[in-house]
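Colleague: Please give a close account of a single part, the second largest pocket. Its volume and its lining are of particular interest.

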Amino acid sequence: MELYLLCSVKQVKKGFEKDKGFMEEQRNKAFYNKIDHSIRKYIIGEQPMILVAPEKSISMYKDISKLLPNIIGAVKGNYAHSEKEKLASMVWPMMYDYYRQQFEKNIQQAKELAGNHRAVFGIEACWRAASDGNAYQLLVEKDFHIPGFVVKNGRQLYLKPPPVPHISFPDAVHELMLLVRSKNGKIIFGENDTLFNEGHIALITRY
């Protein structure tokens, strides 16, 4: 009888620990689901994100997150009380590398699409396409600036003043970006000289 009672107590304890573990797991899932739901309010499309948390928390969050495609890296550790400058110094190298790689992929895509007349290079060609409403994605080096000139109501950008009445733009790149935005196009910045051979600027067109 004593042996039977001992076994029963062990079985009850084992079952209790199992139930306790299951309940804790469910609480954790509910907690991380709530976090994931809150984050999704601020993440737009393919916007990248970097996790900063203890390794166990990162693992548990990844198990339930619907934002896995957006996660590009993680910093493991407890930095809950760290200064934001310190956090920025840890995550920025990952973010910078991500954007650099993405820009290089976009350049390669533009070169491939150019064979099908779906991409143009150089600010004059980009201006013409954007003026026609054919602007999908503008790729531009971050410090590229150049003056330009446009005849009123014309779709041609001149890099030298034409011999007819015209409008002068101190920074034609800025004006082109405004034009692309007005056509619901995207603008992506990259490092200087990454588009050196393509005139420092490229445009992937809609058609």
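Modeller: The second largest pocket encloses about 170 Å³, a volume being the space filled by probe spheres set on grid points that are joined across faces, edges and corners. The model is predicted: local features need pLDDT of at least 70 and side-chain atom pairs pLDDT 80 or more, whereas totals for chains, interfaces and linings use all residues. Residues are numbered from 1 along each chain as its sequence is written, and side-chain values use heavy atoms, without hydrogens or water. A pocket here is an open set of points on a 1 Å grid over the protein atoms alone, where a 1.4 Å probe fits, with protein on both sides within 12 Å along at least five of seven lines; lining residues have an atom within 4 Å of a point.

The lining comprises Trp92, Tyr96, Tyr99, Arg100, Phe103, Lys142, Phe189, Gly190, Glu191 and Thr194. Five of these residues come from α3, the largest contribution, and β8 also supplies at least two (helices, H or I, have at least four residues and strands, E, at least two, as DSSP runs numbered from the N terminus). By class, the lining holds five nonpolar, two polar and three charged residues, with Gly counted as polar and Trp, Tyr and Phe as nonpolar.

For comparison, the largest pocket holds about 460 Å³. Two or more of its lining residues come from each of α3 (84-114) and β8 (186-190), and α3 again gives the most, with six. Of its 15 lining residues, Glu46, Gln102, Gln137, Lys186 and Ile188 lie nearest the centre; eight of the 15 are nonpolar, five polar and two charged.
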